[in-house]
Every structure is written in C-alpha cells, then in structure tokens.
Protein chains: 2
Amino acid sequence: MQPFTSRRAESVAALGEEALIASIRTWLGRANPGAPYGIGDDCAVLPPSPHRQLITVDPVIFGRHFDASIPARDVGAKLLKRNLSDIAAMGGRPRAAVIALTLDARTRTAWVREFYRGLAATARRFDVAVVGGDVAQADGVLAASLTLTGEATTSRVLTRAGARVGDWIYVTGALGHTLHSGHHFRFTPRLAEGAWLAARAEVRAMMDVSDGLAKDLRALTPTGSVPALAPAALPRRRGADVRAALGDGEDYELVFAVAARADREAFTRAWRRRFPRVALSCIGRFARPDRLPPDTLKLQDFRGYEHLR
Amino acid sequence: MQPFTSRRAESVAALGEEALIASIRTWLGRANPGAPYGIGDDCAVLPPSPHRQLITVDPVIFGRHFDASIPARDVGAKLLKRNLSDIAAMGGRPRAAVIALTLDARTRTAWVREFYRGLAATARRFDVAVVGGDVAQADGVLAASLTLTGEATTSRVLTRAGARVGDWIYVTGALGHTLHSGHHFRFTPRLAEGAWLAARAEVRAMMDVSDGLAKDLRALTPTGSVPALAPAALPRRRGADVRAALGDGEDYELVFAVAARADREAFTRAWRRRFPRVALSCIGRFARPDRLPPDTLKLQDFRGYEHLR
C-alpha cells in the first residue's frame with residue numbers, strides 16, 4: 001500500500017491526534033493492557049520482576065527499511081521481530097514494548113491501521129504487551145522505533161563476550177538471499193532457541209546475525225584469534241552463494257560459541273530432540289591466525305551491511 | 001549550529017557507522033556503563049528491581065521540536081528532560097535510557113557530539129544510565145527518540161486516574177510563555193517533587209503539563225465534573241496572560257488532585273518546608289457543571305497543543 005495520500009479524508013490529519021491514539025488502542029486490541037499497565041498515562045507501569053532486565057531498540061523507516069511494495073502489516077510485524085531477535089540473542093524472554101511513531105500528516109489512516117494490526121498479531125504470538133508510545137508529526141517521514149524490554153530466563157544472560165580461542169562456532173537456520181526470498185520479513189525470531197542455548201553451560205557467547213555474518217562475527221571473536229570458517233559448512237538459503245550467506249544481512253539467526261572441549265555430539269543430539277525442525281550447523285572455530293586450515297574463508301574480503309555511508 | 005553540512009569531511013558519513021558509535025560512547029562518558037550494562041551488546045542488561053517499573057518514550061525532531069537556532073546540547077538535554085518529566089508525573093525515579101537516532105548522512109559530526117554531551121550531562125545530573133540505542137540513516141531527517149525506564153519510589157504509582165468530584169486542583173511552578181522565555185529548553189523536571197507527592201496520601205492523581213493545562217487537565221477530570229479554575233489563582237510566568245498559561249504547552253510542571261477533605265494548610269506547610277523555592281498553587285477544584293462559581297474559566301475556549309493537524 002502506498003502509505004501517503006493526497007485525499008485528506010483518508011489521512012491521519014483528518015482523524016486528528018486524539019482519535020488516532022484511540023484508534024491505535026483499538027487496533028492493538030488485547031496486545032495493549034489497560035492503563036496504567038498500557039497506553040493512557042504519562043508512563044506505562046510494569047510489575048516488578050526478580051530477573052535481570054533486558055532492553056533494546058530498533059526502527060523501521062520508509063525508504064530505508066521498507067517501501068510501498070511491502071504490506072503495512074509486514075512492516076509492523078518486522079519492527080517487533082527485529083527487536084525480538086535481540087532479546088533472543090541474549091537468551092531472554094520478551095515483556096513489553098513502547099513505540100515512537102513519526103508520520104507525515106498525509107499518511108493514510110489505513111496504512112497505520114494495518115501496521116498496528118500486524119504488530120499486534122506478532123505481539124500476541126510472542127506474548128509481548130504493547131504498553132505505550134508517542135505519535136509525532138514530521139513532513140515526508142514515516143518511521144517507527146520500538147523499544148522492547150525483556151528479562152533473563154536463566155541465572156545468566158548470554159552476551160557477545162565469553163568466547164575463547166579454540167571454541168567452535170555454530171549458527172542456526174540458513175544464511176543469505178534474505179531480501180528477494182522475503183526472509184527479511186518472514187523470519188521467526190529464535191526466542192525458544194536462544195533461551196535453550198542460554199541454559200547450556202557449553203555455550204559461551206551469542207549474538208544474532210543482522211548485518212551479515214562476516215561483519216557480525218567480529219563482535220564474537222576473542223582477541224588473538226580469527227574465525228576460521230569452512231565454506232562447505234556454511235548453511236546457505238536456496239539461491240544464496242557464499243558471498244550472500246556472509247554479507248546479505250537480515251538473517252536474524254543466532255551465531256554462538258561452544259566450548260572447545262564440549263561434548264559436541266551430545267549437544268547436537270539434545271538440540272535435535274528439542275528443535276527437530278531448526279537446522280544447526282558447526283561452521284568453524286576461533287583459531288590463531290598462524291594456524292588456519294587451508295580452506296578457511298577470508299572474511300575480510302566480505303562486507304556486511306554498513307548503516308551509514 | 002546548522003546541523004547539516006555540505007563538507008563531507010565534517011559529516012557523519014565520513015566518520016562511518018562504527019566510528020560514530022565508538023564516538024557516541026566517548027561523548028556519553030560515565031553516563032554509559034560498560035557492556036552488557038551499556039552499549040555494545042544485542043540488548044542492554046539492567047539489574048533486577050523489587051519495584052514496579054515505569055517506561056515512557058518521547059522524541060525530538062528537527063523542524064518540529066527544534067531548529068538550527070537551538071544549541072545541540074540543549075536539544076540533547078531536552079530530549080531526556082521531556083521523558084524525565086513523565087517519570088516525575090508518576091512519582092517515579094529514573095533508571096536507564098535507550099536512544100534511537102535517525103540522521104541524514106550530511107549531519108555534522110560536531111552537532112551529534114554536542115547533542116550527546118548535553119544528553120550525558122543531564123543523565124549524570126539525574127542519575128540516568130544511557131545503556132543502548134540504534135543509529136539509522138534517512139535522507140533529510142534528524143530525529144531522536146528516547147525511551148526512559150524508571151521505578152516506583154513508594155508502594156503506589158500516582159496515575160492520572162483517581163481524582164474525585166470536589167477534589168482540589170494544584171499546580172507546581174508557573175505556566176505559559178514557555179517558548180520565547182526559553183523555558184521549554186531550560187525547565188527542570190519535577191522529579192523530587194513528584195516522588196514527594198506520590199508519598200502523600202491526600203494526593204489522588206497527577207500528570208505533567210506538556211500540551212497546555214486546558215488540554216491536559218481533561219485527562220485528570222473525574223466523570224460528571226469539570227475543572228473549575230479561578231483565573232486569579234493561575235500561576236503565570238512573567239509575560240504570560242491567561243490564554244498563554246492555559247494553552248502554551250511545554251510547561252513540564254505537575255498538576256495534581258488533592259482530596260476534598262484534606263488538611264490543605266498542613267499540606268502546604270509540608271510542601272514549603274520541603275520545597276521552599278518551588279511555587280505551589282491551588283488553582284480550583286473539580287466541580288459539578290451546575291455548581292460552578294461565577295468567575296470560572298471556560299476551558300473549552302482554550303486549546304492546547306495539537307500534535308497532528
């Protein structure tokens with residue numbers, strides 16, 4: 001749907017601020033608890049939690065993350081799923097979201113409705129409460145940023161730090177060809193998988209793959225080592241070559257380090273019992289630069305997504 | 001400072017994404033704890049809290065909330081203070097913030113630096129940790145939305161609901177003439193005052209005044225009543241007439257309801273002991289529409305700030 005309209009009657013300007021906010025509450029439906037636990041007060045209120053809290057923020061911007069060819073429902077769903085993937089990457093459980101919406105006065109009310117409906121359906125599916133937000137006007141802009149809070153599911157949160165030289169590198173699912181396959185909108189955030197991995201002692205560090213594995217993996221790599229990846233072991237989406245698998249971005253898979261001395265067979269068996277339909281691949285290990293196997297991929301030759309250029 | 005530049009060397013595009021994020025961490029300084037408690041992982045991690053949690057989000061957008069005449073430091077400070085005022089309005093204590101920054105590639109690095117320095121100084125002053133964020137690029141846009149979490153300071157959070165017919169209406173500070181006086185950038189969020197009021201049993205409901213008292217007060221008004229305000233009782237900023245005091249917006253003062261039978265003299269004495277330098281005014285009460293004093297202000301004649309038109 002083309003998000004902007006020249007017919008004032010179809011625009012959010014005709015609706016006005018108060019009616020738009022009331023409509024948003026309707027579109028969110030059960031995903032929005034009543035005030036003060038949801039929209040309608042100066043802040044939303046969340047019950048106390050005995051767990052450590054997680055917080056992350058990601059936007060979707062018209063002309064950058066989506067265009068008129070993407071259904072508004074998918075845009076709303078993706079906005080939440082991008083953030084859910086960050087919670088998954090720490091092994092957490094999502095709790096509540098707030099949304100800062102910025103829109104041109106000519107934005108179609110129908111577009112905003114479908115956006116919130118897509119967001120609400122995803123929020124219900126993953127048990128997220130949409131508790132608040134803000135609506136602001138800016139000429140020529142259609143953007144939303146969502147802040148998602150969550151909590152740790154185990155006594156630890158799995159961070160990007162913690163991998164050691166010699167550790168094995170694993171990745172869930174398949175990589176690459178994310179744009180034309182529609183994967184960048186259709187992916188499922190790996191929440192159950194992330195929580196399961198955080199509870200396994202042999203998993204030492206984890207993150208999600210959002211800017212392409214070649215770029216993202218740098219953040220997981222222990223000092224004094226490089227990721228030694230075997231090209232044949234890379235799980236590629238149908239239509240993806242090695243370059244696409246390493247550089248496309250928007251995979252929203254989990255990449256993690258498993259202790260060098262772990263019982264990898266037992267680990268893989270346990271994974272298959274719990275997640276029989278989700279691929280798990282050991283793609284290499286963190287090795288010293290002077291001890292690389294001959295077929296190692298030269299990651300510096302591949303670029304991930306650069307957000308600013 | 002003009003935020004955009006035609007000299008590439010002075011722009012964030014020349015800096016690149018990774019160097020910009022590294023610079024942001026430097027500019028934030030002590031306001032940003034180390035990962036995973038701050039910037040640098042998929043999510044930021046916050047320690048558990050036994051209190052109820054608060055969450056709010058507000059943006060600043062170039063061309064809407066600020067322009068080139070406003071120092072970038074003041075823009076960063078205001079972004080945080082707007083959100084702090086929402087925490088104050090619930091009687092809460094702030095904890096942590098995440099920031100979604102959207103900028104044109106031609107944005108001056110120096111502008112972004114001053115913006116974060118202003119934000120960081122305010123964060124240190126009010127004990128807020130800036131724990132994460134996102135940087136996205138969009139043509140012609142310079143905007144930031146900040147999500148602030150906080151926690152309740154007492155066994156209750158003070159919401160907008162709870163006022164009853166007959167309750168007295170109080171407001172802190174002075175109202176109106178907020179734009180040209182610079183108040184909209186120079187205000188101090190009423191955090192200490194809000195926490196103190198939340199602990200007073202006679203205070204039944206509270207909110208902050210951000211869109212103008214005439215508009216905001218509707219949210220506090222109990223069903224079956226109207227706010228009966230005496231024009232002479234309205235605390236006006238120097239240069240503000242009654243219309244400005246009711247409609248200017250961006251006052252960031254607290255308005256609250258005090259129980260009809262409260263000992264108002266004792267309440268006022270306690271306030272003056274605790275906040276000798278902050279004005280407190282009883283401006284009227286919630287009355288039945290058929291029992292209004294003759295000099296009551298007709299609030300429907302005054303408009304507050306309309307965000308979408």
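A residue is taken as buried under 20% relative accessible area, as exposed over 50%, and as partly exposed in between. In the predicted model described here, H177(A) has a relative accessibility of 27% and therefore counts as partly exposed. This residue is found in the loop that runs between β6 (168–172) and α5 (183–186) of chain A, and its phi is positive, at about 50°, although H177(A) is not a glycine. In chain B, H177(B) lies in the loop between β6 (168–172) and α5 (183–186), where its phi, near 50°, is again a positive value in a residue other than glycine; at 26% relative accessibility, H177(B) counts as partly exposed.

A further backbone feature concerns the loops between α2 (17–28) and β1 (44–46). In chain A, P36(A) is found in this loop and is joined to A35(A) by a cis peptide bond, with omega at about 0°. In chain B, P36(B) lies in the loop between α2 (17–28) and β1 (44–46), and a cis peptide bond with omega of about 0° joins A35(B) to P36(B).

The strands of chain A include β5(A), residues 142–152, of which 11 of the 11 residues are buried, so that this strand is largely enclosed by the rest of the structure. Strand β2 of chain A, residues 53–61, pairs with β5(A) in the antiparallel sense over nine bridges, and within β5(A) it is A143(A) that stands opposite I61(A). Strand β3 of chain A, residues 92–103, also pairs with β5(A) in the antiparallel sense, here over 11 bridges, with G150(A) in β5(A) as the bridge partner of P94(A).

A five-stranded open sheet of mixed pairing draws on both chains, its order being β1(A)-β2(B)-β5(B)-β3(B)-β4(B). The edges are occupied by β1 of chain A and by β4 (129–137) of chain B, each of which has a single partner strand, so one side of each is left without a neighbour in the sheet. With direction ignored, neighbouring strands of this sheet are turned by 20° against each other on average. Within the sheet, β2 (residues 53–61) and β5 (residues 142–152) of chain B run antiparallel and are joined by nine bridges, and Q53(B) stands opposite E151(B) in β5(B). Helix α4 of chain B, residues 109–125, packs on the sheet and touches β2, β3 (92–103), β4 and β5 of chain B, its direction making about 175° with that of β3(B).

In chain A, helix α4 comprises the 17 residues 109–125, which at 1.5 Å a residue should span 24 Å; the end C-alpha atoms are 24 Å apart, in agreement with this expectation. The buried residues of α4(A) include W111(A), V112(A), F115(A), Y116(A), L119(A) and A123(A). Following α4(A) is D127(A), with a positive phi near 60°.

Elsewhere in chain A, helix α6 (residues 191–198) and helix α9 (residues 264–274) pack at an angle of about 145°, their axes being 12 Å apart, and α6(A) passes α9(A) in a right-handed crossing. The contact brings A192(A), E193(A), W196(A) and L197(A) of α6(A) to F267(A), A270(A), W271(A) and R274(A) of α9(A); by class, it has six nonpolar, no polar and two charged residues.

Key. Residues numbered from 1 in each chain as written. Chains lettered and ligands numbered in written order. Predicted model: local features only at pLDDT ≥ 70, side-chain atom pairs only at ≥ 80, totals over all residues. Heavy atoms only, no water. Helix = DSSP H or I, 4+ residues; strand = E, 2+ residues; numbered from the N terminus. Expected span 1.5 Å × (residues − 1). Buried < 20%, exposed > 50% of the residue type's maximum accessible area, 1.4 Å probe, protein only. Axes fitted to C-alpha atoms, helices over the stretch in contact; angles between N-to-C directions. Left-handed = near helix turned anticlockwise from the far one by under 90°. Contact = heavy atoms within 4.5 Å. Nonpolar A, V, L, I, M, F, W, Y, C, P; charged D, E, K, R; others polar. Pairing = 2+ DSSP bridges.
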